[in-house]
Amino acid sequence: MAEKDLKALFLHTLKDVYFAENAISRALPKMAESADSPDLEDAFTTHLEQTREQIKRLEQIFELMGEKAESVPCEAIQGIIKEGNEVAQTFEGGPALDAGLIAAAQAVEHYEIARYGALVSWAERLGLDEVAGLLDETLDEEKETDNLLTELAESEANEEADT
Ligand code: FE
Ligand code: FE
Ligand code: FE
């Protein structure tokens with residue numbers, strides 16, 4: 001049952017986040033364009049740059065493991081992105097748009113934090129120390145982004161929405 005062990009689960013999940021990061025990199029430009037606040041637009045643009053580096057980091061991990069960089073479809077991220085697009089459309093032109101965009105983006109970050117958190121633990125368990133270190137760098141970036149989004153919501157967007 002070698003193909004159903006922790007290493008196989010790790011690789012499967014790596015392919016899931018590879019799919020997810022690529023989908024996120026396609027969604028972020030539109031989110032940046034939709035944002036009313038220049039600070040929020042900057043946050044999305046900065047995270048797009050980070051996301052592109054995260055994709056390269058995943059490719060580096062596949063290479064370290066002697067595996068081909070492949071995706072398996074992640075329906076969760078597709079659903080989260082779709083929900084974000086719906087909120088953006090529904091609240092376009094209104095004061096609550098940015099609050100909605102931030103909450104949608106945080107759903108993306110929380111998905112990533114859940115997945116990368118598991119991947120780091122599994123990599124450590126499998127003795128893949130270099131891989132674990134690379135995944136942990138990405139995990140930190142996702143957490144920082146989530147914190148920045150909370151700050152933007154609480155310092156401006158939520159108040160703006162409630163007027
Ligand atoms: Fe990411
Ligand atoms: Fe997934
Ligand atoms: Fe992210």
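**Close-up 1. An exposed residue of helix H5 in a predicted model.** A residue counts as exposed when its relative accessible area is over 50%, and in this predicted model Asp129 is therefore exposed, because its relative accessible area is 58%. Asp129 has its place in helix H5.

**Close-up 2. The negative surface patch.** Asp129 joins Glu124, Asp136, Asp140 and Glu144 in forming a negative patch on the surface, and the largest share of this patch, four residues, is contributed by H5.

**Close-up 3. The site of the iron ion (ligand 1).** The iron ion (ligand 1) is coordinated at 2.0 to 2.3 Å by Glu21, which appears twice through OE, together with Gln54 through OE1, Glu112 through OE and Glu142 through OE. Along the sequence, the spacing of these donor residues reads E-x32-Q-x57-E-x29-E. Distant parts of the chain are linked here by a pair of residues that lie 121 residues apart, Glu21 in helix H1 (residues 6-34) and Glu142 in helix H5 (residues 129-161); both Glu21 and Glu142 are buried.

**Close-up 4. The site of the iron ion (ligand 3).** His47 (NE2), Glu109 (OE, listed twice), Glu112 (OE) and Glu142 (OE) are the protein donors of the iron ion (ligand 3), at 2.0 to 2.7 Å from the ion, and their spacing along the chain is H-x61-E-x2-E-x29-E. His47 in helix H2 (residues 38-64) and Glu112 in helix H4 (residues 97-125) form a pair that links distant parts of the chain, 65 residues apart, and each of these two residues, His47 and Glu112, is buried.

**Close-up 5. The two iron ions and Glu112.** A distance of 3.2 Å separates the iron ion (ligand 1) from the iron ion (ligand 3), and Glu112 coordinates both.

Key: Residues are numbered from 1 along each chain as its sequence is written. Chains are lettered from A and ligands numbered from 1 in the order in which they are written. This is a predicted model: local features need pLDDT of at least 70, side-chain atom pairs count only at pLDDT 80 or more; totals for chains, interfaces and linings use all residues. Side-chain values use heavy atoms; hydrogens and water are left out. Donors are N, O and S atoms within 2.8 Å of the metal (3.2 Å for Na, K and Ca); water is not among the atoms, so sites may look incomplete. Helices (H or I, at least four residues) and strands (E, at least two) are DSSP runs, numbered from the N terminus. Buried means under 20% relative accessible area, exposed over 50%, partly exposed in between (1.4 Å probe, protein chains only). Patches are made of residues with over 30% relative accessible area and no salt bridge: like charges are joined within 9 Å, nonpolar side chains (Val, Leu, Ile, Met, Phe, Trp, Tyr) within 5 Å. Accessible areas come from the Shrake-Rupley method with a 1.4 Å probe; for residues, only the protein chains shown count as cover. A salt bridge is a side-chain nitrogen of Lys or Arg within 4 Å of a carboxyl oxygen of Asp or Glu. Lys and Arg count as positive and Asp and Glu as negative; His and the chain ends are not counted. The place of a charge is taken as NZ of Lys, CZ of Arg, CG of Asp or CD of Glu.
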